[in-house]
Amino acid sequence: MRAKNGQQYRIAETLTACFEVTKDEECPFIVSADGMDTHVLGTKFNVTAYESEPIRSVVLAQGCVQVETTQTPKAILAPNQMFSSVEGKENISQVDVEQM
């Protein structure tokens, strides 16, 4: 979905989705899900966020993403890292994306 102003792609949903995105400086790709913004920097990643579930997460398979919440203004993930937020407690942990 392209924003009306043509300057960014923004997806705003409650969802579980996997994305593979090529970096584009002129048109950033942002996934907004349940109070968490994931800025794509050229990557492959998974976002899970549902209003009915207490956990929100971003798992990075390749590349780099930046996750922002009201508590964490800028968390940059490396491959095989997961940003999670459960009832206000946020954490970055190592994961094996091949096992997910």
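## The nonpolar core

The largest nonpolar core of this predicted model has 18 residues. A nonpolar core is a set of buried Ala, Val, Leu, Ile, Met, Phe, Trp, Tyr and Cys residues joined through side-chain atoms within 4.5 Å. Buried means under 20% relative accessible area, exposed means over 50%, and partly exposed lies in between (1.4 Å probe, protein chains only). The residues with the most contacts inside this core are Phe19, Phe45, Val47, Val58, Val65, Val67 and Leu77.

Five elements give two or more residues to this core: strand E2 (15-21), strand E3 (29-33), strand E4 (36-49), E5 and strand E6 (75-77). The largest share, 5 residues, comes from E4. Helices (H or I, at least four residues) and strands (E, at least two) are DSSP runs, numbered from the N terminus.

## The chain and how the model is read

The chain has 0 helices and 8 strands, so that the order of elements from the N terminus on is β-β-β-β-β-β-β-β. Of its 100 residues, 40% count as buried. Contact means heavy atoms within 4.5 Å. Among contacts between residues at least 6 apart in sequence, 30% join residues at least 24 apart.

Residues are numbered from 1 along each chain as its sequence is written, and side-chain values use heavy atoms, with hydrogens and water left out. Because this is a predicted model, local features need pLDDT of at least 70 and side-chain atom pairs count only at pLDDT 80 or more, while totals for chains, interfaces and linings use all residues.

## Strand E7 and its neighbours

Strand E7 covers residues 81-86, and 5 of its 6 residues are buried, so E7 is largely enclosed by the rest of the structure. Two strands pair if DSSP finds at least two bridges between them. Strand E5 (residues 55-68) is joined to E7 by 6 bridges, and the two run antiparallel. E7 is also joined to strand E8 (residues 89-94) by 6 bridges, again in an antiparallel arrangement.

E7 and E8 form a hairpin with 2 residues between them. In the turn, Glu87 has a positive phi of about 50°. Val86 has Lys89 in E8 as its bridge partner, and Phe83 stands opposite Ile92 in E8.

## Two buried residues of E5

Ser57 is found in strand E5 and is buried, with a relative accessible area of 10%. Its bridge partner in E7 is Ser84. Leaving out residues up to four places away in sequence, Ser57 touches Met36, Asn46, Val47, Thr48, Met82, Phe83 and Ser84. Ser57 and Val47 are 10 residues apart in sequence, and their C-alpha atoms are 5.8 Å apart in space.

Gln66 also has its place in strand E5, and Gln66 is buried with a relative accessible area of 14%. Not counting residues up to four places away in sequence, Gln66 touches Asp37, Thr38, His39, Leu41, Lys74, Ala75 and Ile76. From C-alpha to C-alpha, Gln66 and Thr38 are 5.6 Å apart, with their positions 28 residues apart in sequence counted as the separation. The side chains of Gln66 and Glu68 are joined by a polar contact of 2.7 Å. A polar contact is a pair of N or O atoms within 3.5 Å; within protein, one must be able to donate a hydrogen and the other to accept it, and residues adjacent in sequence count only if both atoms are side-chain atoms.

## Thr69 in the loop

Thr69 lies in the loop between E5 and E6. Thr69 is buried, with a relative accessible area of 10%. A polar contact of 2.7 Å joins its side chain to that of Glu90. Residues up to four places away in sequence aside, Thr69 touches Gly35, Met36, Phe83 and Glu90.

## The largest pocket

The largest pocket has a volume of about 220 Å³. Its lining is made up of 14 residues, of which Asp24, Cys27, Pro28, Phe29 and Val40 lie nearest its centre. E3 and E4 are the elements that give two or more residues to the lining, and the largest share, 3 residues, comes from E4.

On a 1 Å grid over the protein atoms alone, a pocket is an open set of points where a 1.4 Å probe fits, with protein on both sides within 12 Å along at least five of seven lines; lining residues have an atom within 4 Å of a point. Grid points are joined across faces, edges and corners, and a volume is the space filled by probe spheres set on the points.
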